[in-house]
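Hi,

Here's the structure I said I'd pass on. Have a look at it first, then read my notes underneath.

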Amino acid sequence: MSSATGRSYFDPVTLDKISRLDVRARVVVEGFITGMHKSPYHGFAVEFATHREYSPGDEIKHLDWKVWSKTDRLYIKEYEEETNLRCTLVLDCSKSMAYGGGERSGGGMSKFDYGATAAACLAHLLQHQQDAVGLMTFSTKIQKNLPPSTHPTHRKLLMHELEQTVPDDKTDIADPFRQIAEQVRRRGMVVIISDLFLDLGTLKKSLQELRHRRHDIVLFHVMHDHELTFPFEDNTLFRGLETPVELHTEPRALRKAYLEVVDRFLHEVRKICASNGIDYLLCNTRDPLDVVLSSYLNARSRIRRGAARR
């Protein structure tokens with residue numbers, strides 16, 4: 001939903017003023033659904049499964065006319081039931097996710113607040129369409145584990161856990177992702193929300209392990225605008241959030257080299273995801289969540305419809 005100037009009403013600064021996470025998520029979700037001609041739910045959950053021969057009484061809207069034109073026989077497109085979807089939201093709660101928020105970073109949400117709000121929005125969507133949704137938070141280990149459920153009270157519990165979580169410790173996905181692969185046994189969707197401040201070799205191996213279990217993986221790569229643009233001008237003291245390192249320097253001398261490193265890093269992450277059939281979405285905390293989510297769900301819906309037609 002946007003104003004006449006094209007500015008989203010649900011930008012990070014505005015959302016940060018809404019203290020309750022469940023209310024914040026509902027505002028985003030209901031806002032972008034209002035402006036869409038078709039519900040994004042079906043693109044998110046329902047996937048083409050197979051064909052079967054037409055039987056009297058079947059709804060003709062499900063007939064595959066392309067198959068009929070080639071075979072002169074009537075076939076029905078069958079889809080996986082929406083209620084078959086089990087989605088596990090995996091949220092990074094390491095200390096680096098705490099960056100952002102407050103006046104010093106330009107206002108708006110921290111990376112964790114942005115990621116938690118995205119997770120809450122997806123939980124709201126999934127439960128609205130009666131799909132099972134669960135939550136795992138991690139740093140060097142799994143901190144919280146709520147198995148997927150469709151129970152009406154489950155989303156409230158999920159929101160409570162998100163509200164109570166405070167980013168802490170380092171990022172290490174080796175053990176957490178191995179636990180996820182072991183615990184999420186039934187094939188489903190795994191949505192990972194993280195800033196990915198970790199070794200790329202470990203990331204590749206961990207994602208491949210999850211894909212080996214035939215999960216549909218979506219990676220929301222959350223980064224603060226400062227990390228992507230490095231806008232600092234004056235002499236600045238940089239402090240490590242996950243390591244006791246301090247660097248006082250003139251940022252303009254570092255900007256070019258820093259941005260080149262970030263560009264290579266993002267390129268490698270995209271390559272890892274593409275080679276493993278993983279949906280990748282870079283999320284700048286400056287970007288309005290309603291725009292980010294609706295754009296992704298629309299793109300996913302188009303891809304699924306294209307696969308169904310083939």
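Below are my notes on a helix pair and two residues.

Quick background: this is a predicted model, where local features need pLDDT of at least 70, side-chain atom pairs count only at pLDDT 80 or more, and totals for chains, interfaces and linings use all residues. Residues are numbered from 1 along each chain as its sequence is written, and side-chain values use heavy atoms, leaving out hydrogens and water.

Start with helices H5 (residues 111-128) and H6 (residues 154-164); helices here are DSSP runs of H or I with at least four residues, numbered from the N terminus. They pack at an angle of about 175°, with axes 11 Å apart. That's why they count as roughly antiparallel (angles over 145 degrees). On the H5 side, the residues in contact (heavy atoms within 4.5 Å) include Phe112, Ala116 and Gln127, and on the H6 side they include His154, Arg155 and Leu158.

Gln127 of H5 is worth clicking on. Its relative accessibility is 15%, so Gln127 counts as buried (under 20% relative accessible area, using a 1.4 Å probe and protein chains only). Leaving aside neighbours within four places in sequence, Gln127 is in contact with Val133, Ser149, Thr150, His151, Pro152, His154 and Arg155.

Now jump to Ala181 in helix H7 (residues 174-183). Ala181 is buried too, with a relative accessible area of 0%. Not counting residues up to four places away in sequence, Ala181 touches Glu209, Leu210 and Arg213. The C-alpha atoms of Ala181 and His212 are 9.0 Å apart, though 31 residues separate them along the chain.

Cheers

Notes: Axes are lines fitted to C-alpha atoms, for helices over the stretch in contact, and angles run from 0 to 180 degrees between N-to-C directions. Helices (H or I, at least four residues) and strands (E, at least two) are DSSP runs, numbered from the N terminus. Angles under 35 degrees count as roughly parallel, over 145 as roughly antiparallel, 65 to 115 as roughly perpendicular and the rest as oblique. Buried means under 20% relative accessible area, exposed over 50%, partly exposed in between (1.4 Å probe, protein chains only).
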